[in-house]
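Hi,

Here is the structure I said I would pass on. Have a look first, and then read my notes below.

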Amino acid sequence: MAEDKPDVAWRVIGGLVGLATGWAARKVLGFVWVKATGKEPPVDTDSPEVSMGEAIGYAVLMGVGMSVAQIVVNRTAKKRYDAWKSVKQVTQGQ
C-alpha cells in the first residue's frame, strides 16, 4: 500500500505559513513581553546579565506562544487548503 504523501503545493504553502507564523508570533510575543515587564525581551538568555527568572519566563512565553500559534495557524491553513482543493476537484470533474 502506497503512503499518502502531501502534494507539493501543500508542502510549499505549509513551509511559507510556518515561516510567516514564526516571524509574526515572535513579534507579537515580544510586544506582549514589553507590555508585561516594561523591558525589552532578553537577546541572550544565557547571559549572566539576565536574571534566571527573566530567562525562564521568557523561554516559557516564547515556547508556549510559538507552539500555540503554529498549531492554530497550521490547522486553519490545512483546513482551508483542503476545502479549496476539494472545490477545485469538483469543478474539474474529478
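Let me start with a single side chain. Lys39 is partly exposed, with a relative accessible area of 44%. It forms a salt bridge with Glu54, and the closest N and O atoms of the pair are 3.3 Å apart. Lys39 sits in the loop between H1 and H2 while Glu54 belongs to helix H2, so this pair ties together parts that are 15 residues apart in sequence. Unlike its partnered lysine, which is partly exposed, Glu54 is buried, at a relative accessible area of 14%.

Before going further, please keep in mind that this is a predicted model.

**The overall picture**

The protein has 2 helices and 0 strands. Its radius of gyration is 19 Å, well over the 12 Å that the globule rule gives for 94 residues, so the protein is more spread out than a compact globule. You can see that in the C-alpha trace too, which spans about 65 × 30 × 15 Å along its principal axes.

Buried residues account for 22% of the 94 residues. The accessible surface adds up to about 7400 Å², and 64% of that belongs to carbon and sulfur atoms. As for contacts, if you take those between residues at least 6 apart in sequence, 62% of them join residues at least 24 apart.

**Helix H1**

H1 runs over residues 8-37. With 30 residues at 1.5 Å each, H1 should span 44 Å, and its end C-alpha atoms are 43 Å apart, which agrees. Its buried residues are Trp10, Val17, Gly18, Thr21, Gly22, Ala25, Leu29, Gly30 and Trp33. What covers them includes H2.

Thr21 is a good one to click on in H1. At 7% relative accessibility, Thr21 counts as buried, because the cut-off is under 20%. Setting aside neighbours within four places in sequence, Thr21 is in contact with Ala69, Gln70 and Val73.

Just after H1 comes Gly38, which takes a positive phi of about 80°.

**Helix H2**

H2 covers residues 52-92. It has 41 residues and reaches 59 Å from its first C-alpha to its last, close to the 60 Å expected at 1.5 Å a residue. The buried residues here are Glu54, Ala55, Tyr58, Met62, Gly65, Ala69, Ala77 and Tyr81, and they pack against H1.

What does Ala55 touch, not counting residues up to four places away in sequence? The answer is Thr45 and Val50. Ala55 is in helix H2 and counts as buried at 11% relative accessibility. Ala55 and Pro42 are 13 residues apart in sequence, and their C-alpha atoms are 7.3 Å apart in space.

**The other salt bridge**

How many salt bridges does the count come to? It comes to 2. Besides the Lys39 and Glu54 pair, Lys78 forms a salt bridge with Asp82, again with the closest N and O atoms 3.3 Å apart. Lys78 and Asp82 both lie in helix H2, 4 residues apart, which is about one turn of the helix. Both ends are partly exposed: Lys78 has a relative accessible area of 32%, and Asp82 is at 35% relative accessibility.

**A nonpolar patch on the surface**

One last thing to look for is a nonpolar surface patch of about 620 Å². Met52, Ile56, Val60, Val64, Val68, Val72 and Val73 make it up. Val68, for example, is found in helix H2. Is Val68 buried or partly exposed? Val68 is partly exposed, with a relative accessible area of 46%. Val73 turns up twice in these notes, as part of the patch and as a contact of Thr21.

**If you want a quick tour**

- Begin with Lys39 and Glu54, the pair between the loop and H2.
- Move to Thr21 in H1 and its contacts Ala69, Gln70 and Val73.
- Then look at Ala55 with Thr45 and Val50.
- Carry on to Lys78 and Asp82 in H2.
- Finish on the nonpolar patch that includes Val68.

Cheers

How values were computed. Residues are numbered from 1 along each chain as its sequence is written. This is a predicted model: local features need pLDDT of at least 70, side-chain atom pairs count only at pLDDT 80 or more; totals for chains, interfaces and linings use all residues. Side-chain values use heavy atoms; hydrogens and water are left out. Patches are made of residues with over 30% relative accessible area and no salt bridge: like charges are joined within 9 Å, nonpolar side chains (Val, Leu, Ile, Met, Phe, Trp, Tyr) within 5 Å. Accessible areas come from the Shrake-Rupley method with a 1.4 Å probe; for residues, only the protein chains shown count as cover. A salt bridge is a side-chain nitrogen of Lys or Arg within 4 Å of a carboxyl oxygen of Asp or Glu. Buried means under 20% relative accessible area, exposed over 50%, partly exposed in between (1.4 Å probe, protein chains only). The expected span of a helix is 1.5 Å times one less than its number of residues. Contact means heavy atoms within 4.5 Å. The radius of gyration is taken over C-alpha atoms; the globule rule is 2.2 Å times the number of residues to the power 0.38.
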